[in-house]
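Biologist: Please take a close look at one part of this model, the place where the ligand sits. What surrounds the ligand there, and what touches it?

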Amino acid sequence: MTPRTRPRRRRSALLAGFAAALTGLATAVVLPASSASAATGLAALAAAKGRFFGTATDQPELSDTQYTSILTGGEFNQLTPGNRLKWQFTEPVQGQFDFAEADREVNLGLAHRMKVRGHTLVWHSQLAGWVTALPSDQVQAAMEHHITTEVSHFKGRVFAWDVVNEPFNEDGTFRADVFSNAMGSGYIADALRTAHAADPRAKLYLNDYNIEGTGPKSDAMYNLAKSLLAQGVPLNGIGFQGHLAVQYGFPATMAANLQRFADLGLDVGITELDVRMPLPETAEKDATQDLYYHNVVSACMAVRRCVGVTVWDFTDKYSWIPAFFPGQGAPLPWDENLVKKPHVYDTIADALCARPTTT
Ligand code: XIL
């Protein structure tokens, strides 16, 4: 035995011991999802994997103290104001900005060490009426002024912006709205450049729904992202809203789809997750819902550049679903009484703990 081989053997014995210890550790972490969830919040589980687990919030829920104690109690390390950063609230009258409520929500998140996502700057919906009434030759200046003012106001506090929300139709064509009608699809590059100039350190996202799996809409987003990057437009990430429903099946290609965007050099994130069901709730629908939550979180965890998962509020008490999808509901991990649903919560915890698989 030469002096060179001895240390090597020792090292391999050491490594074997270390690997065995790691395996034991991994088993301890992965198996008891419920005890993991009892010991620590979802935020801590996500943070241990370098991700965040976040939620949207809004009024009236912020006046509900039982709600806010959960919101700020360690389950979430990322917050998205669900409405108050939208144009109808921030610039209801041209040139008159009101950030009071948005400031309150953003500061609440920061005070509890949550990263704050800015949702959203340019969107066809929840737009102030005056924007749609503008002559088309004034739309670009109004959009740029809106973006510059809002992004500058939150500079250093909002880590990522949904600069453009929902730019596509289901077939992958650009949605016709006041912005695309006035500027063509170039409004997207213009919006991103304007936001970047206002806060060069903010991560700039495009965000949409029904792009979780591959298909015409997701392909359109992919082609747009690729072309923007090729032109040097400041785009940092793609947000996949994740408004799923048990009756429509799970987008099975989700992990691979996230990965193809990540392969372009972009961050990806699940930005508005909820899994609704036709009411009444049944054990069978609950089981499908659990599976979907598990699949979404696992898809994110499988992609290194998936920065985190955000639920679109955390309790059925304040979900947008019943109002927008009549007859459907029960979409979130906490129920109407602010009680944690163990079947959903534990499946999320389990997926956050699991060792990543490669896609
Ligand atoms: C929803 C809010 O949760 C509701 O309170 C509001 O009335 C309508 O908008 N996609 C989005 C979000 O990007 O902004 C939407 O939020 C849900 C769908």
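Modeller: Start with Lys86: one of its polar side-chain atoms lies 2.7 Å from an oxygen atom of the ligand. Keep in mind that this is a predicted model. Asn165 also places a polar side-chain atom by a ligand oxygen, at 2.9 Å. For Trp312, the distance from a polar side-chain atom to an oxygen atom of the ligand is 2.9 Å. Taken alone, the ligand exposes 420 Å², and the protein buries 82% of that.

Now the shell. There are 13 residues around the ligand, and those that come nearest are Asn83, Lys86, His119, Asn165 and Glu272. By class, the shell holds four nonpolar, six polar and three charged residues.

Next, the space itself. The ligand takes up the largest pocket. That pocket holds about 740 Å³. Its lining counts 35 residues, and the closest to the pocket centre are His243, Glu272, Trp312, Trp320 and Phe325. Glu272 thus appears on two lists: it is among the residues that come nearest to the ligand, and among those closest to the pocket centre. The lining divides into 13 nonpolar, 14 polar and eight charged residues.

Which strands build this wall? Strand S1 (52-57), strand S7 (243-245) and strand S8 (267-278) each supply at least two lining residues. S7 gives the most, with three residues.

Notes
Residues numbered from 1 in each chain as written. Predicted model: local features only at pLDDT ≥ 70, side-chain atom pairs only at ≥ 80, totals over all residues. Heavy atoms only, no water. 1 Å grid on protein atoms, 1.4 Å probe; cavity = no way out; pocket = protein on both sides within 12 Å on 5 of 7 lines; lining within 4 Å. Points joined across faces, edges and corners; volume = space filled by probe spheres on them. Helix = DSSP H or I, 4+ residues; strand = E, 2+ residues; numbered from the N terminus. Nonpolar A, V, L, I, M, F, W, Y, C, P; charged D, E, K, R; others polar. Near = heavy atom within 4 Å. Polar contact = N/O pair within 3.5 Å; in protein donor to acceptor, adjacent residues only side chain to side chain. Areas by Shrake-Rupley, 256 points an atom, 1.4 Å probe, with all protein chains shown as cover. Sits in = over half its atoms within 2 Å of the grid points.
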